[in-house]
Amino acid sequence: MPRSEPVVKGFAPVAQEHFQPMKFLISPSSGLAGQLQVAGDKSISHRAVIFGAIANGTTRVSQILQGEDVLATMAAFRAMGINIIRVGGDPADNDYEIQGKGLYGLRPPGLSLDMGNSGTALRLLTGLLSAQPWSSRLSGDASLNQRPMGRIIDPLRLMGANIASAQGNPPVQINPVGRLKGIRYTTPMASAQVKSALLLAGMYADGITSVTEPTTTRDHTERMLAGFGYAVEIEGRTVSIKGGGELTARQLTVPADLSSAAFFILAALITPDSELVLKKVGVNPSRDGVLTILKRMGAQIELVNPSRAGGEPVADIVAKTSELTGCDVCGDDIARAIDEIPVIAVAAACARGITRIADAQELRVKESDRIHSMVHGLKALGVRVEEQADGMIIAGGKLTEGRVHSFDDHRIVMAFSMAGAAASGPVEVLDCNNVATSFPDFHQLASRSGINIVVN
């Protein structure tokens, strides 16, 4: 993108001369205890902003995540004419009112929309904006602009969208067309982002849009469509909607993020004499694979006080120090736990025996190449691990002290921070500023749980 081109960003850029890379130093810990409330679910927060903006009326969302990714989504919709107001006015408040203008109420932003590091926001908005009667441009930071968009663009073009992208990566230029047409599409690989982008476009299309997946992925979009009053038909692994409906504003509460809670569940499992309770965590069965896999490894995890929030099942999760055993993680496991594979890899490093992670080639195109990032970090902590094209083979044992590079990936930072609590000596994790994308108060909560963590 030319340096002179104006952009809308979700957060204020940090002047380079004042930027100080953040490092975490974690020392061996024990006796983690207490009740923790992690921030709202990132995937659901994105969708709450999107659907609230195109609904009729004012939507009230409680417990929305205020990480940089979601703030980028808010900024994009503000640029498209949507009033999004923090209720209470205190910077610490995370309740918002979104004054929706209906499916056809968005206005041209006049600027390139910069989605920062958020692949979810960029991909879902590509689907939504492909149906608007004006041009738009979406981009992101250096990492996001290397992530593949062909899986989104190709089926949208089948619907009639006019989207240009150099070499299949962001930035993407979206030009107006006549009305989109519904399609029946089978995704080559399981992806909730592809499914969601097509369903967002399908609301504006003539006829029915159906998406069939090879493996069930997280269903937050389908749940939220129904919650906002839009008819959704689900048959097996096929989701269908008919264009021309409307969304009606509602009140909803975002559950605590299971992906964020998973790091503290991991800490309790691998740290001696520990028991943590994670409060009101989303336990949607389409994405609770991390709990299933950890239990298969022998984890003492219990779900108590079940209830519902924002149309999603929630529960308190109790996790205790456990003797873990390696296992195979592949196939349907991956789609239901793709974001938690770093957690599973650290658990495997602390388990008895061998863990094989396969069918996870999607990890190559996340915020970092997470297969390489995890293998690199595990080796730095003395773990015997072999990198595979679609995963890794991990020989469990003891974690040693060491220095780990984050590869500018928030989930790598958090996974190895928890590894440090169970290591034989201090673990230093480099370049940790990126944690703000999904978990701004991570190190404060880690310290509150009893983890010996120092920020440098």
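Okay, quick one to start: which residue does Glu-275 stand opposite in β18? It's Lys-320.

Before I go on, this is a predicted model, where local features need pLDDT of at least 70, side-chain atom pairs count only at pLDDT 80 or more, and totals for chains, interfaces and linings use all residues. Residues are numbered from 1 along each chain as its sequence is written, and side-chain values use heavy atoms, with hydrogens and water left out.

Some terms: helices (H or I, at least four residues) and strands (E, at least two) are DSSP runs, numbered from the N terminus. Two strands pair if DSSP finds at least two bridges between them.

So, the sheet. We have 4 strands in an open arrangement, ordered β3-β16-β18-β17, with mixed pairing. At the edges sit β3 (33-36) and β17 (300-309); each has a single partner strand, so one side of each lacks a neighbour in the sheet. In the middle of my story, β16 (residues 275-282) pairs antiparallel with β18 (residues 312-320) over 6 bridges.

Now the helix: α7 (residues 258-270) lies across β3, β16, β17 and β18 (contact means heavy atoms within 4.5 Å). It runs at about 165° to β16, with axes fitted to C-alpha atoms, for helices over the stretch in contact, and angles from 0 to 180 degrees between N-to-C directions.

Last stop, β2 (residues 24-27). Phe-24 and Ile-26 point to one face and are buried (under 20% relative accessible area, 1.4 Å probe, protein chains only), while Leu-25 and Ser-27 point to the other and are not buried. Antiparallel to β2 runs β25 (residues 452-455), joined by 4 bridges, and there Ser-27 stands opposite Asn-452.

Technical notes: Buried < 20%, exposed > 50% of the residue type's maximum accessible area, 1.4 Å probe, protein only.
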